[in-house]
Number of protein chains: 2
Amino acid sequence: MMGTTKTDFYTDRQNELAILIKALGHPARIAIIQHLLKVDSCICGDLVNELPLAQPTVSQHLKELKNAGLIKGSVEGNAICYCLDENGFEKVKSFFQNINDFIEKKKTSCC
Amino acid sequence: MMGTTKTDFYTDRQNELAILIKALGHPARIAIIQHLLKVDSCICGDLVNELPLAQPTVSQHLKELKNAGLIKGSVEGNAICYCLDENGFEKVKSFFQNINDFIEKKKTSCC
DNA sequence: TAACTTTATCGTAATATTGCAATATTAATA
DNA sequence: TATTAATATTGCAATATTACGATAAAGTTA
């Protein structure tokens, strides 16, 4: 049990948010998302050339983003076409919105 | 070098975002932020009672959030008073804003 | 000053993550 | 059907993270 996150003691929402946000907490995965925003379309493999990583490592990062629900992929010939998945981002949206609203309102910082 | 993130090959912005977002990618640290939003003030130690973790572990999570620039603490007697740090959240704001704008515009999902 | 309260740090065990070579899989094409 | 192209999976080494007991540090109070 040592070294393992105690997921059972948090709310489903807290665990859900943590999984989603954790999936974004790596520069390679940030770079993948940014690339998807930039090219404004699907990416099919050329991503390996964009990143300083070997193909299996890129594949692994894509899998993590996909499992989290932040990107989705569809088979396109013998390639796979990835794009942003709005479902995942929708789920973190309100969390950051709440924080931004809080900060906006609370101009009087207490610390 | 194996097992280590290749930070040198990413942009400063990508590394900065990854550090900030990674700091939020744990249910205990999500819970800490949510608690700060809820109580609408500083927290002084009572946080240990809110979380299913021992005091040293809570202290460690607080340190991570503080190092990332997401919370700040001030000495208040023999206690420490923590609250949200707007600087850190300001830095991730535009990233998620860009994604939300992108999703809003691009109603025609390609996958 | 001694006892107490609160938070931080150290040391360590257990687990998770990162990255890659080798290999498998799947689909297109010659 | 063999070959090629693109992506996924496996296995493994190195590093990072998580959690906690023991202890230290710093302030408060009796």
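Biologist: At what angle do helix α1 (residues 12-24) of chain A and α4(A) pack, and how far apart are their axes?

Modeller: In this predicted model, the angle is about 155° and the axes are 9 Å apart.

Biologist: Why is α1(A) called roughly antiparallel to α4(A)?

Modeller: Angles over 145 degrees count as roughly antiparallel. The angle here is about 155°, so α1(A) is roughly antiparallel to α4(A).

Biologist: Which residues make that contact?

Modeller: From α1(A) come I19(A), L20(A), A23(A) and L24(A), and from α4(A) come E64(A), L65(A) and A68(A). By class, the contact of α1(A) with α4(A) has six nonpolar residues, no polar ones and one charged. Glu counts as charged, whereas Ala, Leu and Ile count as nonpolar; therefore E64(A) is the charged one.

Biologist: Is the crossing of α1(A) past α4(A) left-handed or right-handed?

Modeller: The crossing is left-handed.

Biologist: What makes the pairing of K6(B) with DNA strand C a polar contact?

Modeller: The cut-off for a pair of N or O atoms is 3.5 Å. A polar side-chain atom of K6(B) is 2.9 Å from a phosphate oxygen of DNA strand C, so the pair qualifies. A54(A) also reaches a phosphate oxygen of this strand at 2.9 Å, but with a backbone N or O atom.

Biologist: Which residue has a side-chain N or O atom 3.2 Å from a base oxygen of DNA strand C?

Modeller: That is N78(B). Of the atoms of DNA strand C within 4 Å of the protein, 66% are in sugar or phosphate, and the rest are in bases.

Biologist: How do you know that I80(A) makes a polar contact with DNA strand D?

Modeller: A backbone N or O atom of I80(A) is 3.5 Å from a phosphate oxygen of DNA strand D. The definition says within 3.5 Å, so the stated value sits at the cut-off and counts. The side chain of E64(B) has an N or O atom 3.5 Å from a phosphate oxygen of DNA strand D. For M2(B), a backbone N or O atom is 3.3 Å from a sugar or linking oxygen of that strand.

Biologist: Which elements give the most to the surfaces near the two strands?

Modeller: Near DNA strand C it is α4(A), with five residues. Near DNA strand D it is α4(B), with five residues.

Biologist: How many residues surround DNA strand D, and how do they divide by class?

Modeller: There are 31, with G3(A), K6(A), Q55(A), Y82(A) and H61(B) the closest. They divide into 11 nonpolar, 15 polar and five charged.

Technical notes. Residues are numbered from 1 along each chain as its sequence is written. Chains are lettered from A and ligands numbered from 1 in the order in which they are written. This is a predicted model: local features need pLDDT of at least 70, side-chain atom pairs count only at pLDDT 80 or more; totals for chains, interfaces and linings use all residues. Side-chain values use heavy atoms; hydrogens and water are left out. A residue is near a molecule or strand if one of its heavy atoms lies within 4 Å of it. A polar contact is a pair of N or O atoms within 3.5 Å; within protein, one must be able to donate a hydrogen and the other to accept it, and residues adjacent in sequence count only if both atoms are side-chain atoms. Helices (H or I, at least four residues) and strands (E, at least two) are DSSP runs, numbered from the N terminus. Axes are lines fitted to C-alpha atoms, for helices over the stretch in contact, and angles run from 0 to 180 degrees between N-to-C directions. Angles under 35 degrees count as roughly parallel, over 145 as roughly antiparallel, 65 to 115 as roughly perpendicular and the rest as oblique. A crossing is left-handed if the near helix is turned anticlockwise from the far one by less than a right angle, and right-handed if clockwise. Contact means heavy atoms within 4.5 Å.
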